[in-house]
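This briefing goes through one structure topic by topic. Please keep the sequence and the three-dimensional view open while reading.

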Amino acid sequence: MSESPRCRVCDGPLREFIDFGRQPLSNRFPRPHQVDDEYFFTLSAGICESCTMVQLMQEVPRDRMFNEEYPYLSSGSEVMREHFTEIAQRFLSTRLNRGDAFAVELGSNDGVMLKTLADAGVRHLGIEPSESVAERARGRGVQVWTEFFEEATAEAILDAEGHADVVYAANTLCHIPYLHSVLEGIKTLLAPSGVFVFEDPYFADVVRHTAFDQIYDEHYYLFTARSVQAAAALYGLELVDVERLPVHGGEVRYTLAHAGAHTVAPGVAELISEEDALGLSRRETLDAFAAKVAAVRDDLVRLLTRLNEQGKRVAAYGATAKSATVANYCGLGPDLVEFVCDTTEAKQGRLTPGSHIPVRPAEAFHTDFPDYALLFAWNHAEEIMAKEQEFRDAGGAWIRYVPDVNIL
Ligand code: SAM
Ligand code: TMP
Ligand code: ZN
């Protein structure tokens, strides 16, 4: 008998609450001749009954996900470009304003945040295991090591550059199952009054908005203030601040510091009480979430089948990693969704993972509008709907499935 998985953070018992079945790697877009060579795993999530950390039940080996073929580019959204410029400027004016200040970013991708620090002449280092995106950052004058961050990397950085005043990670910490090694590394690397600032999708928003496609291979953890606070405490770190962010469908920016080094902002206790009021770790709350997810799937499949029977053309917008969960869980293929458009060159001319919908450039959408556009990139809805106003003017309609299935 195989042992049931234990919490990756505290070794407590995990209670599974949702299962999406067999799923492919969300960011590996096969060429047509590679469809027989896809990697699949079982995507299910559970909550730790001791520390409340929400996590996947099965782990995908990191080199399968993050390598020289990793296609995701952080600069693909204008809103996100502004978001990263803003946080970089905030760091510059607060924590990086002394002469030899040093900042490290984990998962620096194409350099969208670090470029602002590099341009300001601030000592910095990106740690980015995916070579293709790391190379783009170097092309913008950003220093990057092509490596996975973990405890040993922290020691190497310390030897090379000394302590860091700021360590930052956006949409990256939740991608790292070996959180213990990362937090040990952070403890080693941070200057006595340094801060580790990271932002990731917020589990409370996932539950509130039935944003079930935030669950996929790369999103190993779905954090809450409570679970982050508990994890930090295991490593002599402390959650000292939280900030709600509207990006990517709802995130929280957490600030950790050495225990006792900073005053804890009142927002931390406030957010934890909000989470408690939502009942985020209660069985009934999570069972109700799972039931809503199944209802959304049924509604979406029913709608797309009906449109197909009526001879309507449906295309999808944004070949997001998230949409791998939706497409594979709902069984969407090229029979129901003609193509998906995406601005990322490395995804174009390929097929969506597991569901094999052709990925085409944005021009494919503009030159021949479909009747309906399924908004796979729902987290960029405002930006996309504003720039695609012509589609609406031409009689097209958007289909969303978060928080529920609707046409607008
Ligand atoms: N920070 C960017 C943003 O918010 O748009 C990129 C986020 S991207 C979803 C996640 C990034 O984390 C990828 O570029 C991936 O290669 C990187 N990554 C994965 N594991 C990592 C690790 N152990 N250390 C540093 N980066 C890692
Ligand atoms: P994300 O949700 O993980 O940020 O991925 C967004 C995907 O959608 C990425 O592949 C880029 C694509 N995209 C477009 O094709 N057009 C757009 O206007 C935006 C904002 C994103
Ligand atoms: Zn735990």
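Is Phe40 buried, partly exposed or exposed, judged by its relative accessible area? Phe40 counts as partly exposed, because its relative accessible area is 26%, a value that lies between the limit of under 20% for buried and that of over 50% for exposed. The model discussed here is predicted, and the points below take up confidence, the two ligands, aromatic rings, selected buried residues and backbone geometry in turn.

**Confidence of the prediction**

- The protein chain has an average pLDDT of 97, and 100% of the residues reach a score of at least 70.
- For the complex, the predictor reports an ipTM of 0.99 together with a pTM of 0.97.

**Surroundings of Phe40**

- Phe40 belongs to strand S2, which covers residues 40-48, and its contacts beyond the neighbours within four places in sequence are Arg22, Gln23, Pro24 and Gly354.
- One of these contacts involves a charge and a ring, since the charged end of Arg22 is placed over the ring of Phe40 at 3.7 Å from the ring centre.
- Phe40 and Leu25 are 15 residues apart along the chain, and their C-alpha atoms are separated by 6.7 Å.

**Ligand 1**

- Ligand 1 is surrounded by 20 residues, of which Ser74, Gly107, Glu128, Ser130 and Asn171 come nearest.
- Gly107 takes part through its backbone, where an N or O atom lies 2.8 Å from a nitrogen atom of ligand 1.
- Asn171 places a polar side-chain atom 2.8 Å from an oxygen atom of ligand 1, while an N or O atom in the side chain of Thr172 is 3.4 Å from an oxygen atom of ligand 1.

**Ligand 2**

- Around ligand 2 there are 18 residues, and the closest of them are Tyr72, Asp342, Lys347, Asn379 and Lys387.
- The side chain of Lys387 has an N or O atom 2.4 Å from an oxygen atom of ligand 2, and a polar side-chain atom of Thr344 is found 3.3 Å from an oxygen atom of ligand 2.
- Lys322 has a polar side-chain atom 2.9 Å from an oxygen atom of ligand 2, and Lys322 also lies over the face of Trp378, at 5.9 Å from the ring centre.

**Aromatic rings**

- The structure contains 22 aromatic pairs, among them Tyr317 with Phe365, whose ring centres are 5.1 Å apart and whose planes meet at 90°, so that this pair is classed as edge-to-face.
- This pair joins distant parts of the chain, with Tyr317 in strand S12 (residues 314-317) and Phe365 in helix H12 (residues 362-367), 48 residues apart.
- Tyr317 and Phe365 are both buried.
- A cluster connected by ring pairs is made up of Phe196, Phe198, Tyr220, Tyr221, Phe223 and Tyr254.

**Two buried residues: Glu199 and Ser227**

- Glu199 is located in strand S8 (residues 190-201) and counts as buried because its relative accessible area is 0%.
- The side chain of Glu199 makes a polar contact of 2.5 Å with the side chain of His83.
- Beyond neighbours within four places in sequence, the contacts of Glu199 include Asn171, Tyr168, Leu245, Glu251 and Arg253; Asn171 is also one of the residues that come nearest to ligand 1.
- Ser227 sits in helix H8 (residues 225-233) and is likewise classed as buried, because its relative accessibility is 0%.
- Outside the neighbours within four places in sequence, Ser227 is in contact with Cys51, Thr52 and Met53.
- From Ser227 to Phe289 the distance in sequence is 62 residues, and the C-alpha atoms are 19 Å apart in space.

**Backbone geometry**

- Most residues other than glycine have a negative phi, and most peptide bonds are trans.
- Asn171 has a positive phi of about 50° although it is not a glycine, and Asn171 is placed in the loop between strand S7 (164-170) and helix H6 (179-189).
- Thr210, which is also not a glycine, has a positive phi near 50° and lies in the loop between helix H7 (203-208) and strand S9 (221-222).
- Thr210 is buried, because its relative accessible area of 4% falls under the 20% limit.
- The peptide bond leading from Val402 to Pro403 is cis, with omega near 5°, and Pro403 is part of the loop between strand S16 (397-400) and strand S17 (406-407).

Methods: Residues numbered from 1 in each chain as written. Chains lettered and ligands numbered in written order. Predicted model: local features only at pLDDT ≥ 70, side-chain atom pairs only at ≥ 80, totals over all residues. Heavy atoms only, no water. Helix = DSSP H or I, 4+ residues; strand = E, 2+ residues; numbered from the N terminus. Buried < 20%, exposed > 50% of the residue type's maximum accessible area, 1.4 Å probe, protein only. Contact = heavy atoms within 4.5 Å. pLDDT = per-residue confidence, 0-100. Phe/Tyr/Trp six-rings, centres within 6.5 Å; stacked < 30°, edge-to-face > 60°. Lys NZ or Arg CZ within 6 Å of the ring centre and 35° of its normal. Near = heavy atom within 4 Å. Polar contact = N/O pair within 3.5 Å; in protein donor to acceptor, adjacent residues only side chain to side chain.
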